[in-house]
Amino acid sequence: MSIFSVVFQDFKLLSFSLGQNVAANKEFDDVKASNCLNGAGFGERLLKLSLGLETFLYKDFDKKGVEVSGGEAQKIALARALYKDASFIVLDEPTAALDPIAEYEIYSRMNEIVGNKTAVFISHRLSSCRFCNDIAVFHEGRLIQRGNHDKLVSDNNGKYYELWNAQAQYYE
C-alpha cells in the first residue's frame, strides 16, 4: 500500500483541519501540505482561509470550520494523493466535480503535478484523456485498444473513435 496513492470517485474528507486532511495524519509538514494544495489548484482558496492549514473542514468540531464545494473537496483529495508522495498515483475520475476551467487547469498541468511518478488515470470523459501518453480502452471487461489519443482517434473502426465522436458532437 505504501507505493500507491489513490483518489477514488467516492473519497471522503474528515472534519479535521485542512492540513490533517491533506496529510491524512494528525501531524503534517506545513510547507509540503501547502505545496500539494497549490499543485492541486487549491492555492487561492488556501490564501483566503484566515487559519490557513489549521482551518477545520466543516463545522462538526469547530464553529469556524468551512464548507468546501465538491470541486474544492476534489482538489484537497488530489493534494492528499500528492502529499503521500507514492511511486504510483491512481486517479479515478479525479476532476468529476470540477468546473470546466478548473478541470482544464488540472489537466494542462497533470504532467507537472504527477512529476516522475507513474499515474493511472481512469475516466469516461475522453476529452480528459488527451494528455495521457498511453490510453487503454476497455469494453465489456476486455482491453480492446491501446495507444495515444492521435493513434486511437484516427482508427475510424475503433471503439475510441466511436466514443470520442459521440462525446465531441456536443462541443461542435
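The largest share of the lining of the largest pocket, five residues, comes from strand 3. A pocket here is found on a 1 Å grid over the protein atoms alone: it is an open set of points where a 1.4 Å probe fits, with protein on both sides within 12 Å along at least five of seven lines. Lining residues have an atom within 4 Å of a point. Strands (E, at least two residues) and helices (H or I, at least four) are DSSP runs, numbered from the N terminus.

This is a predicted model, in which local features need pLDDT of at least 70 and side-chain atom pairs count only at pLDDT 80 or more, while totals for chains, interfaces and linings use all residues. Residues are numbered from 1 along each chain, and side-chain values use heavy atoms, without hydrogens and water.

**The pocket**

The largest pocket holds about 670 Å³ of space. That volume is the space filled by probe spheres set on the grid points, which are joined across faces, edges and corners. The lining counts 25 residues. F121, C129, C132, I135 and A136 lie nearest the centre. Helix 6, strand 3, strand 4 and helix 8 each give two or more residues to the lining.

**The whole chain**

The protein has eight helices and five strands. From the N terminus, the order is β-α-α-α-α-β-α-α-β-β-β-α-α. Along the principal axes, the C-alpha atoms fill a box of roughly 55 × 35 × 25 Å. Of the 172 residues, 44% count as buried. Buried means under 20% relative accessible area, exposed over 50%, and partly exposed in between, with a 1.4 Å probe and protein chains only. Take the contacts (heavy atoms within 4.5 Å) with a separation of 6 or more. Residues 24 or more positions apart account for 59% of them.

**The sheet**

Three strands form an open sheet in the order 1-2-3, with parallel pairing. Strand 1 and strand 3 (118-122) are the edges; each has a single partner strand, so one side of each lacks a neighbour in the sheet. On average, neighbouring strands are turned by 15° against each other, direction ignored. Helix 4 packs on this sheet and touches strand 1 and strand 2. The direction of helix 4 makes about 180° with that of strand 1. Axes are lines fitted to C-alpha atoms, for helices over the stretch in contact, and angles run from 0 to 180 degrees between N-to-C directions.

Two strands pair if DSSP finds at least two bridges between them. Strand 1 (residues 4-7) and strand 2 (residues 88-92) are joined by four bridges. F4 has F88 as its bridge partner. Five bridges link strand 2 to strand 3. There, I89 stands opposite A119.

Side chains alternate along strand 1. S5 and V7 point to one face and are buried. F4 and V6 point to the other face and are not buried.

**The core**

A nonpolar core is a set of buried Ala, Val, Leu, Ile, Met, Phe, Trp, Tyr and Cys residues joined through side-chain atoms within 4.5 Å. The largest one has 45 residues. L18, V22, L37, L57, V68, I76 and Y160 have the most contacts inside this core. Several elements give two or more residues to the core, among them helix 1 (18-23), helix 2 (30-39), helix 5 (100-108) and helix 8 (159-168). Helix 4 gives the most, with eight residues. What does L18 touch, not counting residues up to four places away in sequence? The list includes L37, F42, L46, L57 and I76.

**Four single residues**

The table sets out four alanine and glutamate positions.

| Residue | Place | Relative accessible area |
|---|---|---|
| A102 | helix 5 | 7%, buried |
| A40 | loop between helix 2 and helix 3 | 0%, buried |
| A24 | loop between helix 1 and helix 2 | 59%, exposed |
| E140 | loop between strand 4 and strand 5 | 71%, exposed |

A40 and L78 are 38 residues apart in sequence, with their C-alpha atoms 5.9 Å apart. Leaving out residues up to four places away in sequence, A40 touches K75, L78, A79, L82, I106 and R109. A102 and G71 are 31 residues apart along the chain, and 8.3 Å separates their C-alpha atoms.

A24 has a positive phi of about 55°, although A24 is not a glycine. E140 is not a glycine either, and has a positive phi of about 50°.
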